Amino acid sequence: MIAGRAQFNPVRPALVAALICAAPLLAVAALGVFGPWTDYMAHIARTRLPAYLGHTAMVTGVAAVSAGLIGVPLAWLVARYRFFARSVFEWLLALPLAAPAYASAYGWYDLTQPGGPADLLPTVRGPIGAGLIFGFALYPYVYLLAREAFAGQSADAYEAARTLGARPRSAFLRAAIPMARPAIAAGLALVVMESLADYGAVVHLGAPTLSVGLIRAWAGEGAIADAARLALILVMIAFVLFALERSQRQRARQTSASGRRRPPRRVDLDPVRGAVAALLCLSPVLIGLVIPLGRLTYLAFHAPMARDLFQAASHSLTLAILSGLAAAAIGLFCAYALRSKKPVAVAAARLAGLGYAVPGSVAALGVLVLLGGLQSGLDDAWTRLTGVQFPLLLSGGVLALIFAYQSRFAAAAIGPSESALQRVTPTLDMAARTLGAGPGETAWRVHRPMVMSGSLLAALLVFVEVLKELPATMILRPFNYDTLAVIANNYASDERLGEAALPALLITLVALPPMIWIARRITRQEDAK
């Protein structure tokens with residue numbers, strides 16, 4: 001009775017997900033290799049490309065070092081010590097991810113520029129300033145992954161080092177850090193890839209990176225093929241980082257300890273040291289979130305309101321909600337593909353997971369090339385059949401934006417969905433089938449309640465990322481379809497930070513509630529392990 005019922009086949013959905021994530025990148029690669037060569041690329045190679053590469057290296061290097069110096073010690077402090085408000089700080093430290101880096105850049109630049117309230121400090125500007133902004137905005141990636149690694153380590157290695165006479169700092173550096181290295185490397189890779197993908201912060205702070213060069217080649221010169229070649233350089237850097245991170249993770253699998261794990265015991269700090277620890281935890285939240293947002297709030301109250309603000313807010317919310325729902329569906333399909341163990345389905349899901357390594361400007365450029373090619377093909381075919389040009393339908397729009405967002409962010413939805421689906425054991429499936437439930441009924445009545453929270457986490461992660469996304473939106477948005485990020489960037493480009501403040505502030509205020517939920521859920525899950 002049960003054997004004859006159709007089973008869910010995850011291969012086709014996984015292939016569709018892989019196509020969504022990989023097609024824009026393939027289109028960019030094809031255009032970059034086979035597209036027409038112009039004098040503009042030769043000019044860029046002689047003049048601006050060295051500066052783009054230098055700024056990219058400096059910005060990402062400073063971002064990685066600062067994020068590591070902030071995130072790793074705080075992760076150790078929260079995971080291994082008990083002090084005042086530790087349970088609050090363990091999720092509060094993740095909240096700077098709610099603010100886009102360009103919002104922090106606007107706030108800190110206005111504070112430290114000549115004549116600003118903090119002009120005694122060096123002006124936050126240039127590649128070092130941009131790198132520090134990224135460090136304080138993105139350190140939560142390192143903190144969350146390192147905290148999970150430290151909390152999951154057995155106490156044996158650290159205590160053995162202490163028994164052999166090592167001081168706490170030496171034991172931390174020589175025992176705890178090497179075991180957490182793959183997690184730290186993964187966090188640093190995310191920091192660097194986000195820094196590579198940014199446009200708003202680096203262009204405002206005068207540190208043009210490859211991402212800025214790509215936008216200028218496309219928008220300023222109309223040299224799409226040359227923009228694709230700059231995009232390929234970006235992608236190669238991102239994939240080298242991705243490969244290094246994967247190798248670290250693979251090494252972790254090969255060297256992880258087996259057998260029983262003795263969980264570490266948190267050490268109680270005395271009141272004085274506890275106060276110092278709390279101050280250390282509070283500092284990056286103040287620098288990365290509270291202070292720049294406070295300055296933006298001041299500017300927003302002392303400047304005219306940006307035009308069409310409510311319409312831009314509705315556009316941002318519409319795109320973020322639709323993209324979050326679509327990404328949750330893609331993540332769930334890929335999770336089922338990975339669960340099936342079918343080689344084709346697993347390979348397709350893994351290919352879809354590479355999308356996060358592709359910067360938003362590259363994904364958008366790929367979508368633009370794809371849609372342009374399809375439009376051109378339809379024009380030719382329709383003109384031959386009817387003698388009339390085919391209507392302009394595929395040059396861009398909301399669907400094109402959502403396509404680009406999925407190519408960029410759907411990979412972030414796979415992990416939460418896969419983790420949620422792992423809670424559905426084969427025993428539960430067998431029990432449901434024994435009771436006569438088919439695949440559809442099993443998925444609805446057994447799987448759905450158990451994977452719902454994971455799918456919600458995936459949707460909210462993408463919701464927050466799409467709210468902050470700027471370069472892809474700039475490239476693909478329809479005419480007069482501004483988002484909060486685009487409005488903020490337009491005003492900031494005209495040095496009208498007062499008008500740019502409220503849109504940037506609204507992005508963060510909308511992103512904060514889901515980010516709080518995400519951070520608390522992640523930390524609760526880690527504490528439960």
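Start by selecting helices α5 and α6: α5 passes α6 in a right-handed crossing (right-handed if the near helix is turned clockwise from the far one by less than a right angle, left-handed if anticlockwise). The contact (heavy atoms within 4.5 Å) is made by Ala101, Ser104, Ala105 and Trp108 of α5 and by Ile133, Phe134 and Ala137 of α6. Helix α5 covers residues 101-112, and its axis lies 9 Å from that of α6 at an angle of about 125 degrees.

Before moving on, a word on the model. This is a predicted model, where local features need pLDDT of at least 70 and side-chain atom pairs count only at pLDDT 80 or more, while totals for chains, interfaces and linings use all residues. Residues are numbered from 1 along each chain as its sequence is written, and side-chain values use heavy atoms, with hydrogens and water left out.

Now select α6 alone, residues 126-152. Look at Ala137, where α6 has a kink of about 45 degrees, shortly before the proline Pro140 (the bend is the angle between axes fitted to the seven residues ending there and the seven starting there). Switch on the surroundings: 20 of the 27 residues of α6 are buried, so this helix is largely enclosed by the rest of the structure (buried means under 20% relative accessible area, with a 1.4 Å probe and protein chains only).

Next, jump to Phe463, in helix α18, residues 439-468. Phe463 is buried, with a relative accessible area of 12%. Show its neighbours: leaving out residues up to four places away in sequence, Phe463 touches Leu317, Ala320, Ile321, Gly324, Val510 and Pro514. Finally, add Ser323: Phe463 and Ser323 are 140 residues apart in sequence, yet 6.8 Å apart in space, C-alpha to C-alpha.

Technical notes:
Helix = DSSP H or I, 4+ residues; strand = E, 2+ residues; numbered from the N terminus. Buried < 20%, exposed > 50% of the residue type's maximum accessible area, 1.4 Å probe, protein only. Expected span 1.5 Å × (residues − 1). Axes fitted to C-alpha atoms, helices over the stretch in contact; angles between N-to-C directions.
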